[in-house]
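Please open the structure in a viewer and set the display to show both the backbone and the side chains. The tour proceeds by selection, and each stop states what is to be found there.

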Amino acid sequence: QHSAMLDPNAKVEVEYASQHRVVIRASGSHLSKEGRPLSRFIVRITAFQGLPYLHVSHTFIIVEDTSKVRYRDIALPIPIEGKTIAGDEQGRKIVMKSGSHLLQRTWENYHVRTNAGEELSVGRKASGWFVRGKMGLAVRDFWQNYPKEIEAKDDSNLIVHFWPAHG
């Protein structure tokens, strides 16, 4: 398992600042516990004056030979408490249990399952919006860029899987 948190040389800097917008840039490597790099990353967090949301852009840079390394479970954990509610293309709200995940497996199929395998819901296209506690999260083109996954790991952690763990 590799993590950006293990990189002692990761950089965080203000990339751009104006009266109306600020961009914070974090960059570094995903390292193993032994310090071996697997990939590089750039995360840009943009805040706009007077707006109650952030725009987060994640760039994943593959530096290993993909015929020798199989990538899986590329994720962004978000420590936030509360119930997780997701939406689908029909406007239905899907309440996710603690210890469950929503996986958009193909362009026309998603399921919500507990991590033990119990199926909670199925549908065609997850909308890509999620609410957890007081935070809303939207993943652009969620079903179009399948496979994608959101995991309600427990009551205090939400994980956005850009490359799914359960897919």
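In which order do the 4 strands of the open sheet that contains β11 follow one another? The order is β7-β6-β11-β12, and the pairing is antiparallel. Before going further, note that the model is a predicted one.

**First stop: the sheet with β11**

Select residues 93–96 for β7 and 135–138 for β12; these strands stand at the edges, and each has a single partner strand, so one side of each is left without a neighbour in the sheet. On average, neighbouring strands here are turned by 25° against each other, direction ignored.

Next, select residues 126–132, which make up strand β11. Strand β11 pairs with β12 in the antiparallel sense, over 4 bridges. To follow one of these strands residue by residue, display Trp-129: its bridge partner in β12 is Ala-138.

**Second stop: the sheet with β1**

Now turn to β1, β2, β3 and β4. These 4 strands form an open sheet in that order, with antiparallel pairing. The edge strands are β1 and β4, the latter spanning 54–62, and each of them pairs on one side only. The average turn between neighbouring strands of this sheet is 20°, direction ignored.

Select residues 37–48 to bring up strand β3, which runs antiparallel to β4 and is joined to it by 9 bridges. Ile-45 has Val-56 as its bridge partner in β4.

**Third stop: salt bridges**

How many salt bridges does a search of the whole structure find? The search finds 7. Three of them are visited here.

Display Glu-15 and Arg-44, which form a salt bridge with their closest N and O atoms 2.7 Å apart. Glu-15 lies in strand β1 and Arg-44 in strand β3, so the pair ties together parts that are 29 residues apart in sequence. Glu-15 is partly exposed, at a relative accessible area of 38%, and Arg-44 is likewise partly exposed, at 28%. Add Glu-13 and Arg-25 to the selection: together with Glu-15 and Arg-44, they are linked in a network of salt bridges.

Move on to Asp-88 and Arg-92. Their closest N and O atoms are 2.6 Å apart, in a salt bridge. Is Asp-88 buried or exposed? Asp-88 is buried, having a relative accessible area of 4%, whereas Arg-92 counts as partly exposed at 36% relative accessibility.

Then select Glu-118 and Lys-97, a salt bridge in which the closest N and O atoms are 3.7 Å apart. Glu-118 lies in the loop between β9 (109–114) and β10 (119–123), and Lys-97 in the loop between β7 and β8 (100–106), so this pair ties together parts that are 21 residues apart in sequence. Glu-118 is partly exposed, with a relative accessible area of 44%, and Lys-97 counts as partly exposed at 42% relative accessibility.

**Last stop: Asp-7**

Finally, select Asp-7, which lies in the segment before β1 (11–17). Which side chain of opposite charge is nearest to Asp-7? The nearest is Arg-40, at 5.6 Å, and Asp-7, although buried, has no salt bridge. A salt bridge requires the nitrogen and the carboxyl oxygen to lie within 4 Å.

Display Ser-29 as well: the side chain of Asp-7 reaches the backbone nitrogen of Ser-29 at 2.7 Å. To complete the view, add Gly-28 and Leu-31, since Asp-7 touches these two residues and Ser-29, residues up to four places away in sequence not being counted.

Technical notes. Residues are numbered from 1 along each chain as its sequence is written. This is a predicted model: local features need pLDDT of at least 70, side-chain atom pairs count only at pLDDT 80 or more; totals for chains, interfaces and linings use all residues. Side-chain values use heavy atoms; hydrogens and water are left out. Helices (H or I, at least four residues) and strands (E, at least two) are DSSP runs, numbered from the N terminus. Buried means under 20% relative accessible area, exposed over 50%, partly exposed in between (1.4 Å probe, protein chains only). Lys and Arg count as positive and Asp and Glu as negative; His and the chain ends are not counted. A polar contact is a pair of N or O atoms within 3.5 Å; within protein, one must be able to donate a hydrogen and the other to accept it, and residues adjacent in sequence count only if both atoms are side-chain atoms. Contact means heavy atoms within 4.5 Å. Two strands pair if DSSP finds at least two bridges between them. Axes are lines fitted to C-alpha atoms, for helices over the stretch in contact, and angles run from 0 to 180 degrees between N-to-C directions.
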